[in-house]
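User: Could you take me through the domains of this chain and the surroundings of its ligand?

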Amino acid sequence: MDEIIKVGQLTKTYGSLLAVNNLSLSVEQGTVFGLLGANGAGKSTTIECVLGTKTPDSGTVSILGMNPLKDRKKLFEKVSVQFQEANYQEQIKVGELCEVTACLYKAASDYSALLKQFGIADKKNNLVSELSGGERQRLFIVLALIPNPKVVFLDELTTGLDAKARRDVWKSLSELKAKGLTIFLTSHFMDEVEVLCDKICILKQGQSVFYGTVAEAISASPCDKLEDAYLWYTDEEGEENENI
Ligand SMILES: Nc1ncnc2c1ncn2[C@@H]1O[C@H](COP(=O)(O)OP(=O)(O)OP(=O)(O)O)[C@@H](O)[C@H]1O
């Protein structure tokens, strides 16, 4: 299988803070990769280094065969990003925002189909400011998919979504994956990770404490559920108990 993202011994510091420590990972085409870890574990920093919006102190990054620091423009024609707090214009209609976004790309996807797929087709004529939190979140995913990317980065993709909407998003992403899309996501929801991710990396204070499949994560721990295993790898349960 083609390796779409390859990170080798990546290290990034902010002053004296070691945000990412000697991290290596690889993501194959048409798979979903989950980068997990507590707040401040180094997920966003890793993603920014992979995208070339931050320069690592050391290590190597290759994405779609490109060096993100050198091929920024070419890279962003093929890679798309949805961030948690996307800063889009609010006083614009959903359909107009999709249209404006589609105009920026040569091979844009049919945004009407995407709006339908993500259950917000009926909001096309609403202002972005009128959307509920969950609808807005789904719009952010649609906007990230409009460029028809080869790789999409989704940051906490279903935060704020109700139970049905989360399942619908999972289904849509699985369909896109089946068509060859590579997805790099962060999530704090282990049920979501279990359903979607082919491979995961768990970060603890910038360091990889587990790298492999969900099944391997569970079997290499003393636990039988991913959420318990995750807490075991990150020691969050122990630390919590210590404070009781
Ligand atoms: N520009 C910066 N300057 C200084 N420290 C930073 C900067 N950006 C991030 N950090 C610190 O680096 C560490 C890793 O942050 P990062 O945002 O990568 O974590 P994260 O895993 O994405 O967290 P979250 O789940 O809260 O989004 C944190 O301790 C954070 O405070």
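The turns below deal with the domains and then with the ligand.

Analyst: This is a predicted model, in which local features need pLDDT of at least 70 and side-chain atom pairs count only at pLDDT 80 or more, while totals for chains, interfaces and linings use all residues. Residues are numbered from 1 along each chain as its sequence is written.

User: How far apart do the C-alpha centres of domain 1 and domain 2 lie?

Analyst: The domain assignment, which is automatic or from a database, gives domain 1 as 3-78 + 150-243 and domain 2 as 87-149. Between the C-alpha centres of domain 1 and domain 2 the distance is 25 Å.

User: Which element gives the most to the side of domain 1 that touches domain 2?

Analyst: Counting two residues as in contact if their C-beta atoms, placed from the backbone, lie within 7 Å, the contact takes 14 residues from domain 1 and eleven residues from domain 2. On the domain 1 side, at least two residues each are supplied by β6 (151-155) and α6 (163-178), where helices (H or I, at least four residues) and strands (E, at least two) are DSSP runs numbered from the N terminus. The element that gives the most, with four residues, is α6.

User: Which element gives the most to the shell around the ligand?

Analyst: A residue is near the ligand if its C-beta atom, placed from the backbone, lies within 6 Å of it, and the residues surrounding the ligand include Tyr14, Leu17, Lys43, Ser44 and Thr45. Two or more residues of this shell come from β2 (17-28) and likewise from α1 (43-51). The element that gives the most, with three residues, is α1.
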